[in-house]
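Dear colleague,

I am passing on the structure below, together with notes on what was found in it. Please read the notes beside the coordinates, and write back if any part is unclear.

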Number of protein chains: 2
Amino acid sequence: MSLLGLVSLVGAGPGSPDYLTLKGLRRLQEADVVFHDALVTDAVLAFAEDAEYIDVGKRGHRESTAQNVIEAAMITASRQGLRVVRLKGGDPFVFGRGGEEALALAAAGIPFEVVPGVSAAIAAPALGGIPVTHRGVAPGVLVVNGSLLDDFERVIAGIAPGSITVVVMMGLRNRGAIAAALAESGWADQTPAAIVLGASTDGEWTWRGPLADLEHADIGDREQPGTIVVGAVAALRLESPRKLEVMGVAHVGA
Amino acid sequence: MSLLGLVSLVGAGPGSPDYLTLKGLRRLQEADVVFHDALVTDAVLAFAEDAEYIDVGKRGHRESTAQNVIEAAMITASRQGLRVVRLKGGDPFVFGRGGEEALALAAAGIPFEVVPGVSAAIAAPALGGIPVTHRGVAPGVLVVNGSLLDDFERVIAGIAPGSITVVVMMGLRNRGAIAAALAESGWADQTPAAIVLGASTDGEWTWRGPLADLEHADIGDREQPGTIVVGAVAALRLESPRKLEVMGVAHVGA
């Protein structure tokens, strides 16, 4: 039984190791080399004790490794018989380009597997106290990429305003244009909205307000990845009574 | 530091313990009592070695425990100082009624936390070789409940046919009506579709075909939970070359 030469496309979850899966953990522990995105946290990477780390990520507009270079490097590592993990923030198939990488590996005859992860599309709102679906409030959720405005506008154009939850990934920089496009499509100014930054990490921080204020939401100089939620569920605030956080573990006081 | 009285709303993932999170594992190991849905697998439950299990789930049209009874039982257990896990298939906030339970707990002054899980909405297609988003093919994904047809029809009515991936949860029994509603909204007969059953379990099984054939897709007498995927991505088939599965671990042969 051997993993030699196998490429595992692993979802790292939203940030904290708490949300890594058991299979993701095993693959990291066994890895010889880990190709990771910029958004993967050091705390998750640390499980790959015996591996070489290669940062191939991009963050915002900074320079990143070209997709074909990443794919070629994974293919080379596999052919050397190494156990390869391709570690992506969240889930590999939610705007993670995992599909493209899987196709490239298949075309090169490289064995691979997909290890789904906890997507920030669902977990970031949840950790901010917002359920993406809620009976009687949101019968569905649309997850859309906010970095490509043409796509965004096309996707949301037909949706009945307020009928479902809209979760926008990678949309922080474009939040003004996103809010404008929703308003243009008939979404009310007062539709509840939220931004969850750094979900599951020490820097977790949530902004809430009406859609009309989304453009000017003050997120300071926070550079964590952010998830935007628009829809009635964003007005829910599922907060535990009497909860204290001590060293990351919920502590229930007297 | 104590978890006494804390209610943890934990997502169990799609079925296999492989996709349980590290925090979910810890909570199960520490639990005194686990209230679980019918869809949670024995393999995941087995981590709660010291706990009493209470099955409160429903499956299809069989009898289930009323929501208010579940909530009252969790509140009672919490007040007895027990460490309570509410274990749900997938993620608690994707059609899991986790939001309702969190609100009920908060109203009763019961401390709780949400532990997001790997949602079958994303993981089931992924394990069936289908990425729910794919650059140039699907710039977004809509996740919708197929058990409530009125909601389903209302949600998909405005969406430009074929513009995004539609993932339908709990829609197997209604797949004829679901296909009809999509056709009525202008989705082409030949739009790729898929059904993934029992994702991540030994009974994992995938049907693929055009939307026109969805109604009569022969799923035999399979009773596993199923996820329907409609959209261009369902034509993708991300399959590893030379992959052998030996005891659940990918074995790469010569």
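A salt bridge is here a side-chain nitrogen of Lys or Arg within 4 Å of a carboxyl oxygen of Asp or Glu, and by this rule the count comes to 20 over all chains. This is a predicted model, in which local features need pLDDT of at least 70 and side-chain atom pairs count only at pLDDT 80 or more, while totals for chains, interfaces and linings use all residues. Residues are numbered from 1 along each chain as its sequence is written, chains are lettered from A and ligands numbered from 1 in the order in which they are written, and side-chain values use heavy atoms, with hydrogens and water left out.

One of the salt bridges joins A:Lys23 and A:Glu113, whose closest N and O atoms are 3.5 Å apart. Because A:Lys23 lies in helix H1 (residues 22–30) of chain A and A:Glu113 in strand S5 (residues 112–115) of chain A, the pair ties together parts that are 90 residues apart in sequence; helices (H or I, at least four residues) and strands (E, at least two) are DSSP runs, numbered from the N terminus.

Turning to the interface, chain B and chain A each give 73 residues to the contact, where contact means heavy atoms within 4.5 Å. The buried area, which is the accessible area (1.4 Å probe) lost when the two parts are put together, summed over both, is about 6200 Å², and carbon and sulfur atoms give 67% of it. The salt-bridge rule finds two across this interface, and A:Arg26 and B:Asp18 meet in a salt bridge through their side chains, at 2.9 Å from N to O.

Strand S6 (residues 140–145) of chain A runs antiparallel to S6(B), and five bridges join them, where two strands pair if DSSP finds at least two bridges between them. Within this pairing, A:Val143 has B:Val141 as its bridge partner.

As for the relation of the copies, a rotation of 180° with 0.0 Å of shift along its axis superposes chain B on chain A with an RMSD of 0.0 Å, the fit being by least squares on the C-alpha atoms of residues with pLDDT of at least 70 in both. That is the relation of a two-fold axis. Since 100% of the interface residues of chain B are also interface residues in chain A, the copies meet through the same surface.

With best regards
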